[in-house]
There are 2 protein chains.
Amino acid sequence: MIALRAGRPVEITGVCARDRSRDRGLDLAAVRWFDDPVDLAQSPDIDVFVELMGGEGGAAEASVRAALNAGKPVVTANKALLARHGVDLAEIAEDKGVALAFEAAVAGGIPVIKTMRESFAGNRISRVYGILNGTCNYILTRMERENLAFETCLAEAQRLGYAEADPTFDVDGFDTAHKLSILTALAFGTKLDADRVYVEGIREITIADIEAADELGYRIKLLGVARRTETGIEQRVHPAMVPKSSAVARTDGVLNAVAIDGSLVGEVVLVGPGAGGNATASSVAADIIDIARGLHLPTFGVPAAGLEPYVQSEMHAHEGGYYVRLTVVDRPGAFAAIAARMAEKGISLESIVQRRRKPRAEPPASAVPDDPQPVILITYATTEDQIRSALAAIETDGHIAAPPRLIRIEEL
Amino acid sequence: MIALRAGRPVEITGVCARDRSRDRGLDLAAVRWFDDPVDLAQSPDIDVFVELMGGEGGAAEASVRAALNAGKPVVTANKALLARHGVDLAEIAEDKGVALAFEAAVAGGIPVIKTMRESFAGNRISRVYGILNGTCNYILTRMERENLAFETCLAEAQRLGYAEADPTFDVDGFDTAHKLSILTALAFGTKLDADRVYVEGIREITIADIEAADELGYRIKLLGVARRTETGIEQRVHPAMVPKSSAVARTDGVLNAVAIDGSLVGEVVLVGPGAGGNATASSVAADIIDIARGLHLPTFGVPAAGLEPYVQSEMHAHEGGYYVRLTVVDRPGAFAAIAARMAEKGISLESIVQRRRKPRAEPPASAVPDDPQPVILITYATTEDQIRSALAAIETDGHIAAPPRLIRIEEL
């Protein structure tokens, strides 16, 4: 089937892996084994080098460079490598006239790279955003469905193999940031700059936030968003309130979703498996078949030399609505003082939700007169600067009993 | 931007259109006009021929054939032409070594052709299905949201330009069938056979069906489904009950959605604008840029000569659950007789809903003792043959006051 589609047979002729004896479900007895991936990459017996080791440097980087320098097309699923060395590697690939393909590096089995680079080629892209990390989405979905705390869901994700023993890379948003930086380059024709992605993870999300979101018509998702603004390009990864009716809100568990806003077509949303061996294999196979068919495009859609410098739109200038959860000390005037601080900064409130308490007739044991009460505010569009300075003032005033929680609302 | 992405400038050098004076939003003064599209197709001044006339024969067919025979790549949005002459045209294109590209022919701005032909190249596809006609989806969405009859919504769609004066092609499912036959060829590597698509339109859908679907956790969508079965390939277009939680259920208005089930990746769903000038332009531009970049694949993913004959899986052998709405004459034994007929054919009932009547204490004027009552049945998986013969027996028995309504349930 692949030979028919590719127009030629595709064969595995050499392999390099740490563990030679592991059962991989196929017979590799006739395949030449290499101890050093650089040797494999440079072997005259191979036409295409496929890198599935991971890691932004080390053996992955060395072997990919070696293959490209030897004039061999490369297929990789390595988002960290691309986020760090993408432009450099693209220049080598283009210099040598070979493809550097990486469909599996972002959103697993979802064909987002091909869609952006080829199907949207006639569009100016204004925004690309999505759920790019299945681990975080699994955790948020379980928290929401089963009313469980973050730590419990993380432990469950680790038990099921969806999260690493050290979950930092996933739950703190860095994995999403790597992927987003690749999408940014494709969307806007700019150089990659993963270090300047604004990143917040999901550790601070509580059941209280998820319940409040639900009441207000939102769900909380970890989004990666790249958007063109008047001052540059915003790249941000953070938990966001998304309307329940949106496609990303309805993307649950380990699925990924990517939405691309194009000047001609409007919004196209792609949903599918974002991780896992088979989803990765599907994208790797597509890249190999593309190369066998002779497809050969600039790595990021335009020649690497033509990628423009990344001009950052600063996060403090970010504009949008905000969800704010305050733990307000229950005494006269507290709320008036909070509202006054918001007004001072020119922030209009779209809604205010004082979470229902038990009726006064049956006060819970803890309901002493100044027991702090959660208050949820939804603002109209304002800037990150304004909301942060309003919250700093509110905190200084001493009317709140805990640091304020802030979650951005994403207009979809 | 397009020149950078395409690696060369792309220019309109010749145009043929009925109305030469119409304002098209761009200056065509310097462009050579042709009265006959065949002359344009054969003109030595053009490198690529773009056909946007429509129609399965006539000028569209003649000019596309002329262009291909002259060795020029063709971009078309013409699903009827492809459904009728696709294999033949693909053979000419491959014989001449040129591309025949048609992303805009199915699902407008959604990159479903590229996704199936390229991104799924490493997968065996088991099913492709979707909402492929925005007119029908607009009508069904309005019926559901505003509780309006089919005719009212159709008139509204016509007023807004979403439906033609003669809506047959859209609302009776033929447009979806044309598109489905193209997807079938891409999914299964078979020759196109639009005449053997089973087709039912949406004219018979009533508010009562939509309300019953809602109560049972479904929504009604006009689906095109191509699926590999044990006996061949099923191609069918009909209103279907889809679970509310599914991506297609949530695709509203003029949007389209296509889901592709692959052996490696699982299900990927693409959602976006299915029609309209800009969505079409986005796909046409992508095809032109692909050609400018040198992309050149067999039209249907494998060489036209390698397309297998289409082996039809007969509709009477279709297996699935069914929704049945009966208008039952309200007299003793009627329901027992109906249940017995179902059991006779080996059909198990998953649920039975007798729609609530006003309480006996306040009978509506029409509630005479044998006033017919709607009864909804949901069956477990059975075959089209079995359900149809059960319903025929029930009709003959005389316990129902109107022909039964039957809507297939699609497992998603």
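These legends go with several views of a predicted model.

**View 1. Chain A as a whole.**
Let's start with the full chain before zooming in. The C-alpha trace of chain A spans about 80 × 45 × 35 Å along its principal axes. Count up the secondary structure and you get 13 helices and 16 strands. Of the 412 residues in chain A, 55% are buried. As for what chain A exposes, that comes to about 17,100 Å², with carbon and sulfur atoms supplying 50% of it. Now look at chain A contacts between residues at least 6 apart in sequence: 74% of these join residues at least 24 apart.

**View 2. How chain A splits into domains.**
Domain 1 of chain A runs over 2-105, domain 2 takes in 112-276 + 307-315, and domain 3 covers 318-409. Domain 2 is thus listed as two stretches of sequence, 112-276 and 307-315.

**View 3. Where domain 1 meets domain 2 in chain A.**
Taken over C-alpha atoms, the centres of domain 1 and domain 2 of chain A are 28 Å apart. Domain 1 puts nine residues into the contact, and domain 2 puts in 15 residues. Between them the two domains bury about 1,100 Å², and 65% of that is on carbon and sulfur atoms. Two salt bridges are counted between domain 1 and domain 2 of chain A. For a salt bridge to look at up close, try K79(A) and D175(A), whose side chains pair up at 3.2 Å, N to O.

**View 4. Chain B against chain A.**
Here's the contact between the chains, with 41 residues from chain B and 41 residues from chain A. About 3,600 Å² is buried between chain B and chain A, and carbon and sulfur atoms give 58% of that area. On the chain B side, R5(B), L264(B) and R293(B) lose the most area to chain A, together 16% of what that side buries. The salt-bridge count between chain B and chain A is two. Zoom in on K114(A) and E118(B) to see their side chains meet in a salt bridge, 2.6 Å from N to O.

**View 5. A nonpolar patch that includes M1(A).**
M1(A) sits in the segment before α1 (2-6) of chain A. Together with I2(A) and V10(A), M1(A) makes a nonpolar patch on the surface. The accessible area of M1(A), I2(A) and V10(A) together is about 210 Å². M1(A) counts as partly exposed because its relative accessibility is 35%, which falls between the 20% limit for buried and the 50% limit for exposed.

Notes
Residues are numbered from 1 along each chain as its sequence is written. Chains are lettered from A and ligands numbered from 1 in the order in which they are written. This is a predicted model: local features need pLDDT of at least 70, side-chain atom pairs count only at pLDDT 80 or more; totals for chains, interfaces and linings use all residues. Side-chain values use heavy atoms; hydrogens and water are left out. Patches are made of residues with over 30% relative accessible area and no salt bridge: like charges are joined within 9 Å, nonpolar side chains (Val, Leu, Ile, Met, Phe, Trp, Tyr) within 5 Å. Accessible areas come from the Shrake-Rupley method with a 1.4 Å probe; for residues, only the protein chains shown count as cover. A salt bridge is a side-chain nitrogen of Lys or Arg within 4 Å of a carboxyl oxygen of Asp or Glu. Helices (H or I, at least four residues) and strands (E, at least two) are DSSP runs, numbered from the N terminus. Buried means under 20% relative accessible area, exposed over 50%, partly exposed in between (1.4 Å probe, protein chains only). Domain bounds come from an automatic or database domain assignment. Contact means heavy atoms within 4.5 Å. Buried area is the accessible area (1.4 Å probe) that two parts lose on being put together, summed over both.
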